[in-house]
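Student: Please pick one internal part of the model shown here and go through it closely, with the criteria behind each term.

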Amino acid sequence: MCGIVGLFLKNEALRPDLGRLLARMLVEMGDRGPDSAGFAVYRRPAPEGSVKITLFHPDPAHDWAALAAAFARSIDRPAAAEPRGNHAVLTVSAEEGPARAWLAAHHPEVRVMGFGRRIEVFKDMGGPDEVARRFDLAGMDGTHALGHTRMATESAVTTEHSHPFAVGSELCLVHNGSLSNHNRLRRNLARAGIRFGTDNDSEVAAGYFAHRLQQGDSLADAMRAGLDDLDGFYTFAVGTRDGFAVLRDPVACKPAILAETDDWVAMGSEWKAIAPLPGSARARVWEPEPATVYAWGRA
Amino acid sequence: MITVDLELATVRELNQRLHDLPPDTNERAWTIVNPGGRHALLAGLTRPVSITVEGHVGYYCAGMNEAAEIVIDGHAGVGVAENIMSGTVRVRGNASQAAGASGHGGLLVIEGDASARCGISMKGVDIVVGGSVGHMSAFMAQAGRLVVCGDAGGDLGDSLYEAVIYVQGRVTSLGADCEEQPMADADRAAVADLLARTGIPGDPARFRRYGSARRLYHFHVDHADAY
C-alpha cells in the first residue's frame, strides 16, 4: 500500500492555499502509509539563469549558510540557502549541471532531493501529519504539488528512499505499487547518463520518464511509452514545471480517483483525499481507466 | 429517524450499534451524515433496517449485507456490497472497483458508473448499473445477473460460469469463454423487471445477452490457449 495525492490549481486565487490543501489531502491518506512521507511543490520560479536545488542533510542544524557562501565565492555569483527542517532550498545563479557537479565535488555529504527553477522537494521518515508540520507544508504557495505517504515494500525506510523522486529537472514522481524490472532498467538508464541515488524501484520510473523527456517526448508520450517498458503494478502521478499526469497499469489494481472542478484538478488514492478540497462535493469525480494517460498542462 | 454523525461517532461505534439491534427492533430508519469516505461503513448488517448515507463512502461499504436497505447518496469506494447476501444496496454516484464482488443474493444498484471488476465472482446477486462498467467485469461470475445500461470495458465475463450479463451499450471485448447469446423473451422480461424494480431507465429491446460458452469448465488440452 501507499497513498498518493496530487493537486493542480486552475484558479490562481488558490495559489496561496496550495500547501494547506495538499497537507489536508496527504494527512487523509495517512492510514495507507505510516513509514515516511514527502511532497513536491511547484512554486515561484528562480530568477532567469538561476536554479533551485533542494538539499537534505540528516543534521537539522547543518550550516546551510556556509555552504551557500562557499558556492557564491566559487562562482562569483549570488547563492542563497533557505533552510526548512533538515532540508534547504539553495538558489544559485548557475546552470543545473555545473551546480550539481560543484555540490557533488565539495559537499558529498548533502543529498540532492530535486532541482529545477520551480520545484522544491521535501521528504522524511514519519507519518504525513508530522512530516507536513516539520516542513511547514501548510505555509507553502504554488501552482501544483504532489504528495506521497509510504508503506515500504521494495526497499528500506530512509529519507532518501521516500517519495517523491525527482530525478530529472523539474520532474517528480510518486508511485503506489511495485516494479519488477527496475534493476535492468536502472542499468540501461545509467548507461544513458541518468543518475540514481538509491536502489528503489520507483526512482527508476522517475528516471525513465526523465530520460524520455530529455529525448524530446511530451509528458503524455513518455508515460504512454512507460506502458511498454515498465513492468509491475503502478498508479503514477508525475509533475513537471507546468504539467501534471496520472497513469495506472493495464491491470489497475492500485487505486486512483480523479476529480475536477473549474478551480482545480485533484488525484488521490481514495476519495477521502479529495473530500477536504473546496467545492469537492460538486466536482466531477471518476476513476481513471487502466493504461490510459490523463494529463493537464498550463500554457 | 435516527441520525448518526461520523464526525462525532466512530465507524466502529456505528457498526456495533447496528449489529446490536434485536430482530424486532423499532429503530428501522437511519441517516448517516459526514461519512467522509470512511471504510467498512455498515458492514455485516443483518436486520431489515433502512439506512441512507449522505455523502461518499470508502472501501467495503455494506459488505456482507443481509436484509438491510441501504442508499449511498454519493460515490462508493472499492468493494461496495462485497459478498451481499440479501437486501438492497443503492449507490447514487459512481462505484469503484469490485462492486458486488462475490455477492450471493440481494440487489446492488449503481446509478452512475462502476469501475473495473464489477460483479467479480458474483454468486447470485443481481447488479444493475445505470452507467458503464470497467474492464474485467463479471470475471469468474458464477450466478446472478449483471445489467449494464451503458458500455462494458475490456475482457467482459472472462472465465464466466453461469451468471448472465446484459449490456445495452458497446462492449470493448469479451474475455475468455464469454460469448454473445440470443436474447429470448425471458431475457427481455428479466431485464424489464430489474429496470422497473430499480427505476433505472433503459430499453429492454436494446440489450444484448452474454453468457458462458462452457468450453473452459473442464481442462481440455485443445483449449489450452484459451485460458
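Tutor: The lining of the second largest cavity divides by class into three nonpolar, seven polar and three charged residues, where Ala, Val, Leu, Ile, Met, Phe, Trp, Tyr, Cys and Pro count as nonpolar, Asp, Glu, Lys and Arg as charged, and the others, Gly among them, as polar. The model is predicted, so that local features need pLDDT of at least 70 and side-chain atom pairs pLDDT 80 or more, whereas totals for chains, interfaces and linings use all residues. Residues are numbered from 1 along each chain, chains are lettered from A in the order written, and side-chain values use heavy atoms, without hydrogens or water.

This second cavity (a set of points on a 1 Å grid where a 1.4 Å probe fits but cannot get out, lined by residues with an atom within 4 Å of a point) has a volume of about 70 Å³, taken as the space filled by probe spheres set on the points. Among its 13 lining residues, those nearest the centre are A:Arg150, A:Thr153, A:His163, A:Gly177 and A:Ser202. Two or more lining residues come from each of strand 8 (144-150), strand 9 (172-179) and helix 6 of chain A, the elements being DSSP runs (H or I of at least four residues for helices, E of at least two for strands).

Over the whole structure, two cavities of 30 Å³ or more are found, and the largest holds about 190 Å³. Of the 23 residues lining that largest cavity, A:Ile257, A:Glu287, B:Ala76, B:Gly77 and B:Ser96 lie closest to its centre, and by class its lining has eleven nonpolar, nine polar and three charged residues.

Key
1 Å grid on protein atoms, 1.4 Å probe; cavity = no way out; pocket = protein on both sides within 12 Å on 5 of 7 lines; lining within 4 Å.
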